[in-house]
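Biologist: I'm new to this one, so could you take me through it and tell me how each label is earned?
Modeller: Sure, let's put it up and go label by label.

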Amino acid sequence: MDGLDLSSLLSEIGGVERWPERYLFMQLDRMSDVPRRYQNYAVIGQQFKLVRPSVDAKDELYDLLSDPGEREDLASSQPDRVERMRAAYDKWFDDVASERNFVPPRAVLGAPEQNPCVLTRQDWRGPERVHMSDSELGYWDVTISRDGKYTFEVLSPRVMETGRLFVKSGGLSMVRELSSRDRCYRIADVTLVQGDARLEAWVEEGDVKRGVTEVRVSMESSDPVGIAT
């Protein structure tokens with residue numbers, strides 16, 4: 001259990017005089033399927049915050065009460081506190097990592113609970129994904145929940161006067177010529193078969209290849225005739 005009983009704080013009789021200090025741990029690692037120790041993490045206490053923006057950077061320590069804007073790094077002047085808070089982070093990281101196998105989740109296409117399913121760059125997989133970069137590429141691990149006809153609505157990263165849109169799912173490949181009329185392109189009546197697949201979508205303009213911004217996948221029919229495998 002990670003929680004604490006708050007009833008003593010709410011009681012008029014027998015309330016605690018001092019609440020034990022606890023840490024809030026935060027970590028965001030968008031560039032790896034498996035979280036890396038010390039990558040973009042923070043340990044936040046009642047007064048102090050320990051933070052490191054990347055694995056190769058140094059720990060920074062801030063007094064949130066006297067310096068809420070986090071302008072003065074106190075790490076060099078309070079090494080014991082830095083070590084103590086980092087040790088707490090190490091214990092937390094080991095604990096949460098031991099309970100997970102970090103298998104990337106799959107987006108489910110065609111499920112009645114979420115139809116359409118919207119796929120964005122935030123859900124990308126693959127070694128070439130670099131978020132916020134115009135040249136980034138990636139793919140989505142998906143599960144097709146039902147056989148049937150699907151519609152793909154693809155958002156290009158920008159308006160392109162010439163070029164081609166590519167969408168691949170399993171053994172199925174689709175190509176669409178682009179124009180400057182719109183950023184959103186629709187490919188309808190695509191037949192898919194139930195099962196796991198990898199979905200890719202990108203645009204090409206000359207020799208330049210760019211990943212799309214968004215793919216909205218809708219199931220239109222459960223008719224299995226003519227399914228692509």
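Modeller: Keep in mind that this is a predicted model. Let's start at Val167, which touches Phe152, Val154, Leu172, Ser173, Met174, Ile187, Leu199, Glu200 and Ala201, leaving aside residues up to four places away in sequence.

Biologist: What makes those count as touching Val167?
Modeller: A contact needs heavy atoms within 4.5 Å, and those residues, among them Phe152 and Leu199, are the ones in contact with Val167. Val167 is also one of the residues with the most contacts inside the largest nonpolar core, which has 29 residues. Leu119, Trp140 and Phe152 are among the others.

Biologist: And where do Val43 and Phe93 belong?
Modeller: They're in another core, of twelve residues, lying apart from that one; Leu61 and Val82 are among its members too.

Biologist: Why is Ser169 called buried?
Modeller: Buried means under 20% relative accessible area. Ser169 has 6%, so it counts as buried. Ser169 is found in strand 9, and its contacts include Ile144, Leu192 and Leu199.

Biologist: What about Cys117 and Cys184: buried or partly exposed?
Modeller: Cys117 comes out at 4%, under the 20% cut-off, so it is buried. Cys184 has 35%, which lies between 20% and 50%, so it is partly exposed.

Biologist: How many disulfides does the structure hold?
Modeller: Zero. A disulfide would need a pair of cysteine sulfur atoms within 2.5 Å.

Biologist: Now the sheet. What makes strand 1 and strand 4 edge strands?
Modeller: Four strands form an open, antiparallel sheet in the order 1-2-3-4. Strand 1 (24–27) and strand 4 (60–63) each pair on one side only. The twist averages 15 degrees from one strand to the next.

Biologist: How do you know that strand 1 and strand 2 pair?
Modeller: Pairing takes at least two bridges, and these strands have four, in the antiparallel sense, so they qualify. Phe25 stands opposite Val43 in strand 2.

Biologist: What packs on that sheet?
Modeller: Helix 2 (residues 79–97) does, touching strand 1, strand 2, strand 3 and strand 4. Its direction makes about 65 degrees with that of strand 3. The buried residues of helix 2 include Val82, Met85 and Phe93, and the buried residues pack against those four strands.

Biologist: How do you know that the span of helix 2 agrees with its 19 residues?
Modeller: At 1.5 Å a residue, helix 2 should span 27 Å, and its end C-alpha atoms are 26 Å apart, so the two agree.

Methods: Residues are numbered from 1 along each chain as its sequence is written. This is a predicted model: local features need pLDDT of at least 70, side-chain atom pairs count only at pLDDT 80 or more; totals for chains, interfaces and linings use all residues. Side-chain values use heavy atoms; hydrogens and water are left out. Helices (H or I, at least four residues) and strands (E, at least two) are DSSP runs, numbered from the N terminus. Buried means under 20% relative accessible area, exposed over 50%, partly exposed in between (1.4 Å probe, protein chains only). Axes are lines fitted to C-alpha atoms, for helices over the stretch in contact, and angles run from 0 to 180 degrees between N-to-C directions. The expected span of a helix is 1.5 Å times one less than its number of residues. A nonpolar core is a set of buried Ala, Val, Leu, Ile, Met, Phe, Trp, Tyr and Cys residues joined through side-chain atoms within 4.5 Å.
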